[in-house]
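Q: I am new to this structure and would like a close look at one part of it. Could you start there and then walk me through what lies around it?

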Amino acid sequence: MTEELPARRLLLVHAHPDDEVIGTGATMAHYVSAGAHVTLVTCTLGEEGEIHVPELAGLAAAEADQLGGYRLVEWERACSALGVTDRRILGGPGRYRDSGMMGLPTNEHPRAFWQADLDEAAAHLVEIIREIRPQVMITYDENGFYGHPDHIQAHRVAMRAAELAGEDGPSKIYWTAMPLSVLLDGMEAFRESESNPFADVEKVDDLPFGTPDEEIAARVDGTDHYAKKTAAMRAHATQIPDNSWLYGIAGDFGGEFMGVEYYTLVKGTRGPGSGPHGWESDLFSGLA
Ligand SMILES: CC(=O)N[C@H]1[C@@H](O[C@@H]2[C@H](O)[C@H](O)[C@@H](O)[C@H](O)[C@H]2O)O[C@H](CO)[C@@H](O)[C@@H]1O
Ligand SMILES: [Zn+2]
């Protein structure tokens, strides 16, 4: 099967529809346009999400409980905007349900991803890994980047599947990350902004995420594709309102904020890099 695929194959494992674009949209567009095969696996349909489109409020979990199906369509449109054609829902749409924020009763739903049997969920991903045999995999760190139960579970399932896949598994594994220096620049840049995501943040250590620059391994510059990233964000209208600060970054600061994405390397050999911390610019560098 893999002989029919491009030589470079990247697998991304995310928790909800919209995570793929917020954290890795520019990276996905960058590698699609560079001819790599990009496979996105999203673990839930985001059934418990907020709805920022008033006329769709009736789809909410507590109402008609149809948000998951609607976000599946948003997700398809976002992937199309990024050029990602190989996109899958772990175990098939509806197998694992959005668990809601940590500590909520929705964490106990029988199909909540947070309740998933780890090896059963990982087996679904091993099947995809054996089909695609990606050299590189991206997922979250052990805190799920910011502590959401589905993000933590996506990390666990991805890492377990890579272990179970053995030699078919990825040679390099990256976790999404945000350098502290970029967060500090963002806090400064947004200080006077009306839509300031850092308004209640006194110091950068108060944030549930942030990685010392020296622990970052890769900086992927997808600046050329940040228009695709903002188009993909707009596809997720129920989750990302038009007045979102995310658009503020894109609008005021061009692509350097939205078009650049950072990663730590947790498996594999770091390729050649540049800058004060030798950050890689290509996730496929350093492969044997
Ligand atoms: C980016 C992300 O992971 N979004 C999740 C998250 O959404 C948050 C949730 O709705 C919370 O209630 C809000 O206050 C917060 O602003 C949102 O980011 O959790 C949702 C429920 O599990 C999930 O559907 C959404 O994709
Ligand atoms: Zn999420």
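**Around the ligand**

A: Happy to! Ligand 1 is surrounded by 13 residues, the closest being His-16, Gly-46, Glu-48, Gly-49 and Glu-50; a residue is near a molecule if its C-beta atom, placed from the backbone, lies within 6 Å of it. This is a predicted model, in which local features need pLDDT of at least 70 and side-chain atom pairs count only at pLDDT 80 or more, while totals for chains, interfaces and linings use all residues. Residues are numbered from 1 along each chain as its sequence is written, and chains are lettered from A and ligands numbered from 1 in the order in which they are written.

The shell around ligand 1 is made of two nonpolar, six polar and five charged residues. Here Ala, Val, Leu, Ile, Met, Phe, Trp, Tyr, Cys and Pro count as nonpolar, Asp, Glu, Lys and Arg as charged, and the others, Gly among them, as polar.

From Gly-49, let us step back to Thr-39. The two are 10 residues apart in sequence but 24 Å apart in space, C-alpha to C-alpha. Thr-39 belongs to strand 2 (residues 37-42); strands (E, at least two residues) and helices (H or I, at least four) are DSSP runs, numbered from the N terminus. Why is Thr-39 called buried? Because it has 22 C-beta neighbours inside 10 Å, and 20 or more are needed for that label. Beyond its neighbours within four places in sequence, Thr-39 is in contact (C-beta atoms, placed from the backbone, within 7 Å) with Leu-11, Asp-86, Ile-128, Ile-132 and Pro-134.

Strand 2 takes its place in an open sheet of seven strands, ordered 3-2-1-4-5-7-6 with mixed pairing; strands pair if DSSP finds at least two bridges between them. Strand 3 (86-89) and strand 6 (218-221) stand at the edges with a single partner strand each, so one side of each has no neighbour in the sheet. From one strand to the next, the twist averages 25°, with axes fitted to C-alpha atoms and angles running from 0 to 180 degrees between N-to-C directions.

Within the sheet, strand 4 (residues 136-139) and strand 5 (residues 172-177) pair in the parallel sense over four bridges, and Met-137 stands opposite Ile-173 in strand 5. Helix 1 (residues 19-33) packs on the sheet, touching strand 2 among others, and its direction makes about 175° with that of strand 1 (9-14). Helix 4 (residues 149-165) lies across strand 1, strand 4 and strand 5, at about 160° to strand 4.

Conventions:
Buried ≥ 20, exposed ≤ 12 C-beta atoms within 10 Å, placed from the backbone. Contact = placed C-beta atoms within 7 Å.
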